Amino acid sequence: MDSPTHLKHIYWRSRRGMLELELKLVPFVRDHYDALPASEQTTYENMLEEEDWQLFDWLQGREVPADDLTRTVVDKIIASNGRL
């Protein structure tokens, strides 16, 4: 399990300039991040380096991530609270 400080950092990084993304990412981190395997947690953290428009397109289903693990995490985010 991650330290509370690390989880706060991930939570704050999940807050985005685009409200639509924030409404998906923040609840996902709050409710599901801890249950992800370590590889998917790392993938989620790496996803936060992407531009908002890229994350938005993935969560809308307009684009599909090329990486299988990223696609798995995106699918879990969508499953947790719906497509944008």
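**Exercise 1. Which residues in α2 meet which residues in α5?**

Solution. The model is predicted.
Step 1. Locate the two elements: helix α2 covers residues 19–32 and helix α5 covers residues 68–81.
Step 2. List the contacts. On the α2 side they involve Leu 23, Lys 24, Leu 25, Pro 27, Phe 28 and His 32, and on the α5 side Lys 76, Ile 77, Ser 80 and Asn 81.
Step 3. Sort by class: the contact of α2 with α5 has five nonpolar, three polar and two charged residues.

**Exercise 2. State how α2 and α5 are oriented relative to each other.**

Solution.
Step 1. Take the axes of the two helices: they come within 10 Å and cross at roughly 90 degrees.
Step 2. Apply the cut-off: angles of 65 to 115 degrees count as roughly perpendicular.
Step 3. Therefore α2 is roughly perpendicular to α5.

**Exercise 3. Determine how far helix α4 is enclosed, and by what.**

Solution.
Step 1. Count the buried residues. Helix α4 spans residues 52–60, and seven of its nine residues are buried, so the helix is largely enclosed by the rest of the structure.
Step 2. Name them: Asp 52, Gln 54, Leu 55, Phe 56, Asp 57, Trp 58 and Leu 59.
Step 3. Identify the cover. Among the elements over these buried residues are α2, α3 (38–47) and α5.
Step 4. Check one residue. Gln 54 has a relative accessibility of 11% and therefore counts as buried, the cut-off being under 20%.
Step 5. Look just past the helix: Gly 61 follows α4 with a positive phi of about 85 degrees.

**Exercise 4. Classify Glu 40 as buried or exposed, and list its contacts beyond four places in sequence.**

Solution.
Step 1. Place the residue: Glu 40 belongs to helix α3.
Step 2. Read its relative accessibility, which is 8%, so Glu 40 counts as buried.
Step 3. Set aside neighbours within four places in sequence; Glu 40 is then in contact with Leu 69, Thr 72, Val 73 and Lys 76.
Step 4. Compare with Exercise 1: Lys 76 is also one of the α5 residues that meet α2.

**Exercise 5. Describe the overall fold and dimensions of the protein.**

Solution.
Step 1. Count elements: there are five helices and zero strands, giving the pattern α-α-α-α-α along the sequence.
Step 2. Test the size. A compact globule of 84 residues would have a radius of gyration near 12 Å, and the protein agrees because its value is 12 Å.
Step 3. Give the extent: the C-alpha atoms fill a box of roughly 35 × 25 × 20 Å along the principal axes.
Step 4. Assess burial and surface. Buried residues are 40% of the 84, and the protein exposes about 5,000 Å², with 52% of it supplied by carbon and sulfur atoms.
Step 5. Consider sequence range: among contacts between residues at least 6 apart, 61% join residues at least 24 apart.

Note on methods: Residues are numbered from 1 along each chain as its sequence is written. This is a predicted model: local features need pLDDT of at least 70, side-chain atom pairs count only at pLDDT 80 or more; totals for chains, interfaces and linings use all residues. Side-chain values use heavy atoms; hydrogens and water are left out. Axes are lines fitted to C-alpha atoms, for helices over the stretch in contact, and angles run from 0 to 180 degrees between N-to-C directions. Helices (H or I, at least four residues) and strands (E, at least two) are DSSP runs, numbered from the N terminus. Angles under 35 degrees count as roughly parallel, over 145 as roughly antiparallel, 65 to 115 as roughly perpendicular and the rest as oblique. Contact means heavy atoms within 4.5 Å. Ala, Val, Leu, Ile, Met, Phe, Trp, Tyr, Cys and Pro count as nonpolar, Asp, Glu, Lys and Arg as charged, and the others, Gly among them, as polar. Buried means under 20% relative accessible area, exposed over 50%, partly exposed in between (1.4 Å probe, protein chains only). The radius of gyration is taken over C-alpha atoms; the globule rule is 2.2 Å times the number of residues to the power 0.38. Accessible areas come from the Shrake-Rupley method with a 1.4 Å probe; for residues, only the protein chains shown count as cover.
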